[in-house]
Amino acid sequence: MVDNIHDHQDKVQIREFKEATDFEAVEKLEKNCEIGYKKGISIFMSGDPLCRIRLYPVHVMLVAQLLENGELVGAVRGCIKRVGTRFGATDLTIGCILGLRVSPRHRRMGIGSGLVKSVEEWMERNGAQYAFLATEENNVASTNLFSLKCNYVKFCSLVIYVQPVNEHLAEEALDVDVSSRHINIEKLNIDQAVAIYKNCLRQREIYPTDIEEILKEKLSMGTWVCFFQEEGWTALEKKEEKDLDSIMATAPKSWAIFSIWNNSETYKLQIRRPNLLKLFHLSISHAMERILPCLKLPFVSSSSSMSSSEFHKKPFGFLFLYGIHGEGERVGELMKGVWRFGKRMGEKEKDCRVMMTELGGSDPLRAHVPQGSSSSSMTCINDLWYLKRLNGPVSDEDDELTAIRPVGNVFVDPREF
């Protein structure tokens with residue numbers, strides 16, 4: 001709960017979102033903050049405005065309300081989580097800022113910075129040592145707000161890879177046929193997945209400590225390992241085996257692990273033209289800004305059973321590949337198998353049209369994401385993570401996280417995408 005209510009310039013009140021009474025007002029706010037792609041086209045998300053932060057025990061949504069007429073003109077979401085780092089002996093408590101929105105008619109009034117300050121104060125009261133947020137590198141307004149006005153520093157550069165599941169990468173991108181190359185893709189049970197991930201996470205510069213809770217979420221479709229049949233993985237033949245040492249003792253020379261998060265179950269994207277904007281679909285996270293440039297409208301191929309006009313009318317979902325880790329000289333071949341598997345999973349999911357993953361700028365697997373030729377339908381977006389120390393003036397040299405920035409090999413939490 002927010003203990004204090006902040007007034008901005010005696011005109012705006014910042015308070016907690018009230019689900020029973022504010023839902024429609026937030027819908028209207030989000031509609032006013034619609035993200036345009038081309039003239040005459042807009043895109044929205046449908047879903048619960050709190051669905052992302054609901055997955056965290058400690059979360060909040062704040063709204064900015066005009067005192068004179070009660071209109072909601074801004075909103076922001078925040079959550080608290082624990083993370084580990086490759087450099088520190090103890091875990092850290094961080095706050096994540098998601099979905100900052102300010103009505104276009106009320107910008108340049110300090111409402112955005114007021115919302116950020118309010119959610120930062122909420123994070124501090126809930127024990128957060130740092131505040132994190134993500135934004136697209138090309139979003140100049142956001143980067144200026146956070147870096148110039150709110151004193152955030154760039155912490156990590158990442159790349160988002162987006163692939164429509166009903167489009168095919170160029171042949172050279174996926175020239176490894178899973179069956180002909182004898183690549184095995186085996187689903188792990190939760191205990192096996194947790195054991196392997198806890199070992200892999202030690203190599204990441206920052207990662208969530210509650211990986212078991214992530215894997216157990218209903219939106220997580222499962223975790224798989226990929227390896228060559230000729231090498232095998234003996235320990236995995238014992239489905240009850242969950243001891244890490246036993247599992248890794250028989251690991252093949254080259255292998256990869258990955259998980260899939262089904263965002264289609266939480267919310268859907270929808271493209272609407274102005275004369276069709278009778279039904280508003282709620283935008284709930286900064287994933288909207290990141291997905292939009294990837295759609296390349298219209299991107300439904302001539303071979304698809306869905307026409308371009310049908311695609312624009314129907315809501316569609318996406319799958320997110322996360323926790324991708326690979327080892328061995330032939331991991332590049334395995335990554336093609338992983339990508340093909342993810343696309344096939346997307347094709348089986350109702351209304352799924354897009355598959356995505358996000359990798360840190362220095363993640364070694366970036367070199368092995370199958371992209372093919374310049375004509376490929378794969379799209380890449382540069383993403384930025386920003387960081388701010390919350391509790392106390394500490395110099396960069398003495399601070400655990402700011403001293404190591406920028407970092408580039410991180411675990412992207414699917415709950416925040």
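Begin the tour by selecting glycine 70, which lies in the hairpin of strands E5 and E6 and takes a positive phi near 80 degrees. This hairpin has five residues between its strands. Please bear in mind throughout that the model is predicted.

**The strands of the hairpin**

Next, select E5, residues 59-66, and E6, residues 72-85. How many bridges join E5 and E6, and in which sense do they pair? The two strands pair in the antiparallel sense, over seven bridges. To see how they are aligned, display glutamine 65, which stands opposite leucine 72 in E6.

Now add strand E2, residues 12-16, to the selection. E2 also pairs with E5 in the antiparallel sense, here over five bridges. Display valine 12, and leucine 66 of E5 will be found opposite. While these strands are shown, recall that side chains alternate between the two faces of the sheet in a regular strand.

Is E5 enclosed or open to the outside? Seven of its eight residues are buried, so E5 is largely enclosed by the rest of the structure.

**Glutamate 71**

Return to the loop between E5 and E6 and select glutamate 71. Is glutamate 71 buried or exposed? Its relative accessible area is 18%, and glutamate 71 counts as buried because the cut-off is under 20%.

Then show the side chain of arginine 105, with which the side chain of glutamate 71 makes a polar contact at 3.1 Å. Leaving aside residues up to four places away in sequence, glutamate 71 touches Ala64, Gln65, Leu66, Arg105 and His106.

**Aromatic rings**

The tour now turns to the aromatic side chains. The structure holds ten aromatic pairs. For one of them, select phenylalanine 258 and phenylalanine 341, whose rings are edge-to-face, with 5.7 Å from centre to centre and 70 degrees between the planes. Which parts of the chain does this pair link? Phenylalanine 258 belongs to strand E13, residues 255-262, and phenylalanine 341 to helix H9, residues 331-348; the two are 83 residues apart and link distant parts of the chain. Both phenylalanine residues are buried.

Select next Tyr197, Trp261, Tyr322 and Phe411, which ring pairs link into a cluster.

**Arginines over rings**

For the last stops, display two arginines together with the rings beneath them:

- Arginine 330 lies over the face of phenylalanine 228, at 3.7 Å from the ring centre.
- Arginine 389 lies over the face of tyrosine 130, at 5.0 Å from the ring centre.

Conventions: Residues numbered from 1 in each chain as written. Heavy atoms only, no water. Helix = DSSP H or I, 4+ residues; strand = E, 2+ residues; numbered from the N terminus. Buried < 20%, exposed > 50% of the residue type's maximum accessible area, 1.4 Å probe, protein only. Polar contact = N/O pair within 3.5 Å; in protein donor to acceptor, adjacent residues only side chain to side chain. Contact = heavy atoms within 4.5 Å. Pairing = 2+ DSSP bridges. Phe/Tyr/Trp six-rings, centres within 6.5 Å; stacked < 30°, edge-to-face > 60°. Lys NZ or Arg CZ within 6 Å of the ring centre and 35° of its normal.
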